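Trainee: Could you take me through the salt bridges of this protein, one pair at a time? I am new to this, so please explain the terms as you go.

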Amino acid sequence: MSEQSEAMKERTRQFSYRVGHLVLSLGRESLLAEVYGKQLLRCASSVGANYRAACRAKSDRDFLNKIKTCEEESDECLYWLDHIEHFELVKPAHLAPLYQEAREICAIITASAKTARARLEK
């Protein structure tokens, strides 16, 4: 496994942990906090889990399939963060670092998917 892959595994794991802490801070005081928190936690956890699966892909096509799932899940994180912000469930200053990390992870994964797709088209 490459150093970059290991670093990305750790980065997605830490992102999931950070989202977990955010969700815990939301509590269960409102239906919105509970539903949006669960949705965000599911997709944030899925990014790391599916990235690990992509690293164990059996072929380039399998890798592309799995990394595209990561791409979808990382984009979905941005969607739920937006909802949490819109309904002011957390102060924007607390969400900004998570937004930034979600955007960066999504960009890295999108670039990996493009590289994998190009490799398959050769």
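Mentor: Happy to; here is a walk through the salt bridges, with a short stop at one loop residue at the end.

Let's start with the ground rules. This is a predicted model, where local features need pLDDT of at least 70 and side-chain atom pairs count only at pLDDT 80 or more, while totals for chains, interfaces and linings use all residues. Residues are numbered from 1 along each chain as its sequence is written, and side-chain values use heavy atoms, with hydrogens and water left out.

Side chains of opposite charge can pair when their charged atoms come close. The term salt bridge here means a side-chain nitrogen of Lys or Arg within 4 Å of a carboxyl oxygen of Asp or Glu. Searching the whole structure turns up 8 salt bridges.

Take Arg11 and Glu104: they form one of these bridges, with their closest N and O atoms 2.4 Å apart. This pair joins distant parts of the chain, since Arg11 sits in helix H1 (residues 3–26) and Glu104 in helix H4 (residues 92–121), 93 residues apart. Helices (H or I, at least four residues) are DSSP runs, numbered from the N terminus. Arg11 is partly exposed, at a relative accessible area of 26%, and Glu104 is partly exposed too, at 32%. For these words, buried means under 20% relative accessible area, exposed means over 50%, and partly exposed lies in between (1.4 Å probe, protein chains only). Arg11 and Glu104 also belong to a network of salt bridges that includes Glu101.

Now look inside helix H2 (residues 31–55), where Glu34 and Lys38 are 4 residues apart and so separated by about one helical turn. Glu34 forms a salt bridge with Lys38, and their closest N and O atoms are 3.3 Å apart. Glu34 is partly exposed at 25% relative accessibility, as is Lys38 at 35%.

Helix H3 (residues 60–86) holds another pair: Lys68 and Glu71 are 3 residues apart, which means about one helical turn between them. The closest N and O atoms of their salt bridge are 2.6 Å apart. Here Lys68 is partly exposed at 27% relative accessibility, whereas Glu71 counts as buried at 15%.

One last stop is Glu88, in the loop between H3 and H4. Most residues other than glycine have a negative phi. Glu88, however, has a positive phi, near 55°. Glu88 counts as exposed, at 68% relative accessibility.

Note on methods: Helices (H or I, at least four residues) and strands (E, at least two) are DSSP runs, numbered from the N terminus.
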